[in-house]
Amino acid sequence: MSYRKLMALSLILLFMLLSGCNMTPNQKTDTEKTAQVIRYNLGAEPESLDPARMTGMVEGTVANALFEGLVRYDATNQPQPGMAAEWDISDDGLVYTFRLRDAKWSNGDPVTAEDFRFSWLRVLNPDMASDYAYQLYYIKGAVEYNSGRGKAEDVAVRAKDSHTLEVTLKAPARQFLGLTAFQTLMPLNRKVVEAYPDWYESPQNYVGNGPFLLEKWEHKQKITLVKNPAYWDAANVKLDKLEMYLLEDDNTAYAMYKTGRLDFVERTPVQEIPLKKNDPDFHIFPDLATEFYWFNTQREPLDNPKVRKALAMSVDRGAIVENVTQAGEKPAYAWVPFGFTDEPSTVDFREAGGNSYFTEDVEAARRLLEEAGYPGGKGFPRLTLQFNSNERHRKTAEAIQEMWRQNLGIEIVLAPKEWQVYLEDQATMNFDISRSGWGPDYLDPMTFMDVFVSDGSNNNAGWSNPRYDRLIAEANGTGDSSRRMKAMHEAEAILMEDMPLMPIYFYVNDNLFRENIKGIIVPPFGTYADFRNAYVE
Amino acid sequence: MGGYILRRLVNSLLALFTIATLVFFLMHAVPGGPFASEKKLPPEVIRNLNARYHLDQPLRKQYVDYMGNLLCGDLGPSFKYPDRTVNELISEGFPVSAALGMAAVFVAVTAGCFLGVFAALNHNRWQDFLTVGLAALNYSIPVFVMAPILVYVFSIKLGWVPPAMWGTARHMVLPTLALAAGPTAFIAALMRSSMLEVLRQDYIRTALAKGLSYRAVVFRHGIKNALIPVIAYLGPMTAAVLTGSFVIEKIFAIPGLGEYFVTSVINRDYTVIMGVTLFYSTILLAINFMIDIVFVLIDPRISLTRSGR
């Protein structure tokens with residue numbers, strides 16, 4: 001191998017000589033050490049910079065720098081006053097009244113309650129065809145307007161005066177307050193949007209109310225942001241400039257980081273993690289996402305909970321996170337990941353419920369399989385495990401295939417599939433076992449729990465349990481937060497007892513950033529990083 | 001000649017029409033769609049999206065509408081990047097890919113021809129074996145292995161050039177080399193065997209017998225004739241290289257066109273699939289046409305009017 005490299009290199013050198021390349025050494029790029037500039041790799045080109053059309057975390061991260069919603073999350077994942085200085089939630093949990101602070105848009109206009117109403121209705125406008133319009137479906141009249149059955153005037157968002165916004169929900173939804181920090185619910189300057197319909201395409205007419213301003217957007221290369229002097233809390237924004245690089249390849253970003261051209265990269269390449277693990281610039285943050293396998297509970301023999309449990313109990317998750325994924329993921333013995341807050345206490349929802357709904361016990365698993373009629377795996381049909389073709393998923397699937405073979409004596413077939421084929425087969429339940437990952441829409445365990453209600457649109461296991469449904473309905477219908485959490489804990493116990501899914505691990509964010517960068521908030525969902533209070537030491 | 005050009009033009013347009021029709025129906029036939037995601041969107045939202053992009057209309061009508069717009073040069077909006085049109089994506093990406101591609105073609109042709117002639121003139125000596133061996137090796141190292149090695153050596157270890165991104169001449173060095181590596185090796189091998197064959201021809205012996213110097217024979221008669229297979233290869237190679245390489249653009253973070261050939265299919269970004277496929281086909285047809293004209297100019301044995309096409 002090494003001599004092949006040597007040969008390749010000598011030929012390359014020859015080519016360089018022949019083509020007369022400019023080979024003067026590159027000057028070191030970071031000359032100003034103390035400059036308040038952070039060069040961050042966002043990881044992809046944003047699909048759009050119009051908050052109404054944004055969907056992913058890439059866009060969310062930019063939106064969070066350019067705009068500010070009614071609330072903003074702090075370092076402990078609690079919503080703090082943003083554009084709203086204070087708010088009031090009615091006792092039945094239906095009416096939210098937000099009192100806006102005196103804040104200005106970057107062009108000097110005041111931020112008004114009408115700007116919020118206008119922007120939310122814009123998202124719900126059926127002609128806008130916003131993917132995330134459903135984030136506003138909690139509001140009374142929203143689904144009707146978005147589906148063309150109702151009118152804009154009937155959506156229960158009212159600007160009572162320039163500084164008071166009143167929102168009425170169709171049912172209590174604890175998560176609504178936190179959602180107002182989300183990109184889809186960011187305000188837009190009505191005057192600007194009406195005067196320049198294409199305002200979001202270039203920095204020229206881009207007006208925001210967040211800590212930073214859009215200065216330049218070089219497609220697929222870099223977005224340059226500068227400090228917004230008109231931001232209400234500009235005194236606490238220390239960065240002068242924030243450069244968001246749009247490099248998709250992890251190895252490329254890592255090479256840029258290593259050569260001093262980036263200060264902060266999102267994903268460390270897997271092969272580098274063992275080497276970087278103990279360095280001071282390597283940081284692990286929890287990520288609110290679970291890796292798991294769906295069981296098709298409407299097919300034999302997976303319709304038998306004993307079979308599902310036997311499969312789940314005979315997988316060595318520790319070995320998978322240590323040897324396959326290697327990024328410091330946590331083995332999962334529950335459905336809801338770490339990072340949600342329990343109420344009314346402030347402990348973690350997962351810690352309160354425990355990460356131990358089942359154990360890895362090969363003996364017990366064999367017994368369960370025997371009880372199900374497959375002693376020693378005899379007569380067990382050849383099931384297929386489908387996953388989207390991807391190195392990480394393939395390796396995990398191969399490991400699990402081997403564990404099941406050794407521990408239970410069963411053979412399964414691996415079926416890597418092209419992304420869209422995989423999605424379609426999963427959605428139509430055309431599978432035995434299917435790999436999947438689930439992340440939150442908002443910062444509340446409900447975003448995980450309501451997946452498994454009977455006939456839920458994302459319930460790809462085809463599982464149904466009336467007690468589970470009752471508990472979820474109870475949690476959704478009550479304004480009492482402790483009753484709500486208790487119902488969800490109970491529901492999760494049922495889920496893990498019946499096991500329509502097999503949890504594998506909880507994801508983490510492994511970030512690299514320089515030691516002199518401080519004040520970065522890495523929220524567990526919605527945005528990769530919040531730079532509002534970041535600075536260079 | 002004029003009649004030939006006209007005929008070629010009509011044939012090319014027919015080919016483009018066939019490609020457009022085939023790709024259109026094939027891409028709609030594969031499973032999935034532009035709005036599929038792991039988290040299913042509510043039916044109301046899907047309905048709005050389908051209405052916005054006219055995907056709720058019968059396929060035949062969509063086809064007719066698309067072809068109508070295509071005639072006016074309108075390739076439609078991208079589904080993945082809703083604020084941008086396919087025309088914008090191509091007009092921004094192509095100049096970048098083309099600049100890089102041109103540099104790579106230049107390197108590949110210059111270095112490849114030089115090495116090929118060099119090897120042929122030293123036939124069966126160590127210089128020959130070395131060149132052939134290196135060419136074979138170079139051709140067989142995939143670009144996704146070659147590119148990281150280049151980055152590691154010249155960027156991380158030596159620090160001579162940036163590891164990625166686009167903008168200055170220095171940014172072009174590594175991607176150009178990575179992109180040119182395979183074609184260089186291929187051209188070198190092609191040039192070598194073609195040169196060996198030409199040197200054995202009677203007219204070369206005649207020229208030498210008439211007393212022309214070896215150097216003059218090689219340069220004036222040998223290389224010119226040996227170039228013909230290389231030029232034939234140049235057509236598809238140039239079209240492929242000019243429209244960008246997915247792997248190179250990804251590894252070096254180059255804002256070119258190559259990425260869309262892969263991502264548009266993964267995303268089922270229908271308009272982008274159509275746009276880049278038709279654009280690539282047009283370039284390929286145009287370059288092949290130009291190559292045919294070049295053949296006539298350098299090879300007196302080839303005549304367009306007598307070829308009976």
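The paragraphs below lead through a predicted model of a complex, beginning with confidence and moving on to a strand, two helices and a set of salt bridges.

For the complex, the predictor gives an ipTM of 0.89 and a pTM of 0.88. Chain B averages a pLDDT of 91, and 97% of its residues score at least 70. Among the elements of chain B, the highest mean pLDDT, 96, belongs to helix 3 (residues 59-71), while the lowest, 88, belongs to helix 9 (residues 214-242).

In chain A, a useful place to start is strand 16 (residues 433-438), where 6 of the 6 residues are buried. Both faces of this strand are covered, with Ile433(A), Arg435(A) and Gly437(A) on one side and Ser434(A), Ser436(A) and Trp438(A) on the other. Strand 16 of chain A pairs with strand 12 (residues 282-295) of chain A in the antiparallel sense over 6 bridges, and with strand 14 (residues 383-388) of chain A in the parallel sense over 2 bridges. Ile433(A) takes part in both pairings, being the bridge partner of Phe295(A) and also of Leu385(A).

Turning to chain B, helix 5 (residues 126-140) has 15 residues and reaches 21 Å from its first C-alpha to its last, which is close to the 21 Å expected at 1.5 Å a residue. The buried residues of this helix include Gln127(B), Thr131(B), Leu134(B) and Leu137(B). In helix 1 (residues 2-29) of chain B lies Val10(B), which joins Leu6(B) and Leu14(B) in a nonpolar surface patch of about 290 Å². Val10(B) counts as partly exposed because its relative accessibility is 46%, which falls between the 20% and 50% limits.

Over all chains, a search of the whole structure finds 48 salt bridges. One of them joins the side chains of Glu343(A) and Arg174(A) at 2.5 Å, N to O. Because Glu343(A) lies in the loop between strand 13 and helix 11 of chain A, and Arg174(A) in the loop between strand 7 and helix 5 of chain A, the pair ties together parts that are 169 residues apart in sequence. Another salt bridge, between Glu194(A) and Arg190(A), is 2.9 Å, N to O, and its partners, 4 residues apart in helix 6 (residues 190-195) of chain A, are separated by about one helical turn.

Arg484(A) and Asp444(A) also form a salt bridge, with their closest N and O atoms 3.0 Å apart, and both residues are buried. Finally, salt bridges that share partners join Glu45(A), Arg84(B), Glu88(B) and Glu92(B) into one network.

Terms used:
Residues are numbered from 1 along each chain as its sequence is written. Chains are lettered from A and ligands numbered from 1 in the order in which they are written. This is a predicted model: local features need pLDDT of at least 70, side-chain atom pairs count only at pLDDT 80 or more; totals for chains, interfaces and linings use all residues. Side-chain values use heavy atoms; hydrogens and water are left out. The expected span of a helix is 1.5 Å times one less than its number of residues. Buried means under 20% relative accessible area, exposed over 50%, partly exposed in between (1.4 Å probe, protein chains only). pLDDT is the predictor's confidence in each residue, from 0 to 100. Two strands pair if DSSP finds at least two bridges between them. Patches are made of residues with over 30% relative accessible area and no salt bridge: like charges are joined within 9 Å, nonpolar side chains (Val, Leu, Ile, Met, Phe, Trp, Tyr) within 5 Å. Accessible areas come from the Shrake-Rupley method with a 1.4 Å probe; for residues, only the protein chains shown count as cover. A salt bridge is a side-chain nitrogen of Lys or Arg within 4 Å of a carboxyl oxygen of Asp or Glu.
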